Amino acid sequence: MPRTLDSQITMEKTPSYFVTKEAPKRIFNMSRDSKLIVVVRNPVTRAISDYTQTLSKKPDIPTFEALAFKNRTLGLVDSSWNAIRIGMYVLHLENWLQYFPLSQIHFVSGERLITDPAGELGRVQDFLGLKRIVTDKHFYFNKTKGFPCLKKPESSSLPRCLGKSKGRTHVQIDQDVIEQLREFYRPFNIKFYEMVGHNFRWD
Ligand SMILES: Nc1ncnc2c1ncn2[C@@H]1O[C@H](COP(=O)(O)OS(=O)(=O)O)[C@@H](OP(=O)(O)O)[C@H]1O
């Protein structure tokens, strides 16, 4: 981490930290006062998004269904497949709670980040103890992109949307498969809601 003044906040973003066994201890040893922000979304959609991303890089991989189940007829989900495992948020959270209190962890709703980016970022700013500087006036909905975009980033005078790899059209998955995965995740989601004290309404 770079050196910073007392009045500055250093931020670092690595999606895999949340699901990496060694990360909580290492971050704790670096700075036990760190504040942690995690974006979570419906784990079923997350798994499909993850698969869509891998498929775009490796078009020859097996189908989503073949990877997601050990035995589809019996409804046996393969929780060792990363796309499935990452969405079992409560298990990862337990690992972090060995080192950090819940008060130092903030969960951003991936769904609300799209429907109400300013509201979601308002809560992030509160969590970080910042004035709410980023507000509604910084965003607009870009019809072509189908997502909110920044009206004017600091570094340029032009509006900016996220790149092509964010907000891709997902691979079509059978409704039955989606139902089976929903069932699979339900107990993990419920425990997660209880633990963080917030119902993300993914069911
Ligand atoms: N404003 C805006 N524009 C575009 N995309 C947005 C936006 N806000 C949230 N999202 C969602 O972010 C998802 C991509 O983020 P990633 O999961 O790839 O991020 S990361 O690589 O893990 O950092 C991406 O997931 P997919 O739709 O599955 O591609 C988006 O749904």
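**Note on the predicted model**

1. Start at the end of the last helix. G197 comes just after α8 and takes a positive phi of about 70 degrees. This is a predicted model, and the points below should be read that way.

2. R201 is the second residue to check for backbone geometry. R201 lies in the segment after α8. Its phi is positive, about 55 degrees, although R201 is not a glycine. Most residues other than glycine have a negative phi. R201 counts as exposed because 10 other C-beta atoms lie within 10 Å, and the limit for exposed is 12 or fewer.

3. Now α8 itself. The helix has 22 residues. From first C-alpha to last it reaches 29 Å, close to the 32 Å expected at 1.5 Å a residue. The helix is kinked by about 40 degrees at R186. The proline P187 follows shortly after that kink.

4. Which residues of α8 are buried? They are L181, F184, Y185, N189 and F192. These buried residues pack against α2, α3, α5 and the strand β3 (76–77).

5. Helix α2 covers residues 43–57, 15 residues in total. Its C-alpha span is 21 Å, close to the 21 Å expected at 1.5 Å a residue. P43, V44, R46, A47, I48 and Y51 are the buried residues of α2. Note that R46 is on that list. The cover over them includes α3 (64–68), α4 (82–85), α5 (89–97) and α8 (175–196).

6. The ligand site comes next. What surrounds the ligand? The shell consists of P15, S49, L113, I114, F147, P148, L162, K166, G167 and R168. By class, six of these are nonpolar, two are polar and two are charged. Two elements, α6 (110–115) and β6 (147–150), each supply at least two residues of the shell.

7. Compare the shell with the database record. The unreviewed UniProt entry has a "binding site" annotation on R41, S49, K166, G167, R168, T169 and H170. In the model, the residues around the ligand include S49, K166, G167 and R168.

8. G167 sits in the loop between β6 and α8. Is G167 buried or exposed? It is partly exposed, because 15 other C-beta atoms lie within 10 Å and a residue needs 20 or more to be buried. Beyond its neighbours within four places in sequence, G167 contacts K145, G146, F147 and L162. F147 and L162 also belong to the shell around the ligand.

9. H170 is in the loop between β6 and α8 too. It has 14 other C-beta atoms within 10 Å, so H170 is partly exposed. Which residues does H170 touch, not counting those up to four places away in sequence? I48, S49 and T52. Of these, I48 is one of the buried residues of α2. S49 is part of the ligand shell, and the UniProt record lists S49 as well as H170 under "binding site".

10. V124 is in helix α7 (residues 117–127). V124 is partly exposed, because its count of other C-beta atoms within 10 Å is 17. Leaving aside neighbours within four places in sequence, V124 is in contact with I37, H106 and V108. V124 and L113 are eleven residues apart along the chain, and their C-alpha atoms are separated by 11 Å. L113 is one of the residues surrounding the ligand.

11. At the other end of the chain, S7 lies in the segment before α1 (23–30). S7 is exposed, because 5 other C-beta atoms lie within 10 Å. The C-alpha atoms of S7 and L67 are separated by 48 Å, with their places 60 residues apart along the chain counted as the separation in sequence.

12. Last, the whole chain. It has eight helices and six strands. Their order along the sequence is α-β-α-α-β-β-α-α-β-α-α-β-β-α. The C-alpha trace spans about 55 × 45 × 30 Å along its principal axes. Of the 203 residues, 13% are buried. Among contacts with a separation of 6 or more, 54% join residues 24 or more positions apart.

Notes: Residues are numbered from 1 along each chain as its sequence is written. This is a predicted model: local features need pLDDT of at least 70, side-chain atom pairs count only at pLDDT 80 or more; totals for chains, interfaces and linings use all residues. A residue is near a molecule or strand if its C-beta atom, placed from the backbone, lies within 6 Å of it. Helices (H or I, at least four residues) and strands (E, at least two) are DSSP runs, numbered from the N terminus. Ala, Val, Leu, Ile, Met, Phe, Trp, Tyr, Cys and Pro count as nonpolar, Asp, Glu, Lys and Arg as charged, and the others, Gly among them, as polar. The expected span of a helix is 1.5 Å times one less than its number of residues. Two residues are in contact if their C-beta atoms, placed from the backbone, lie within 7 Å. UniProt positions are given in the numbering used here, feature names are shortened, and annotations may be inferred rather than shown by experiment. The bend at a residue is the angle between axes fitted to the seven residues ending there and the seven starting there.
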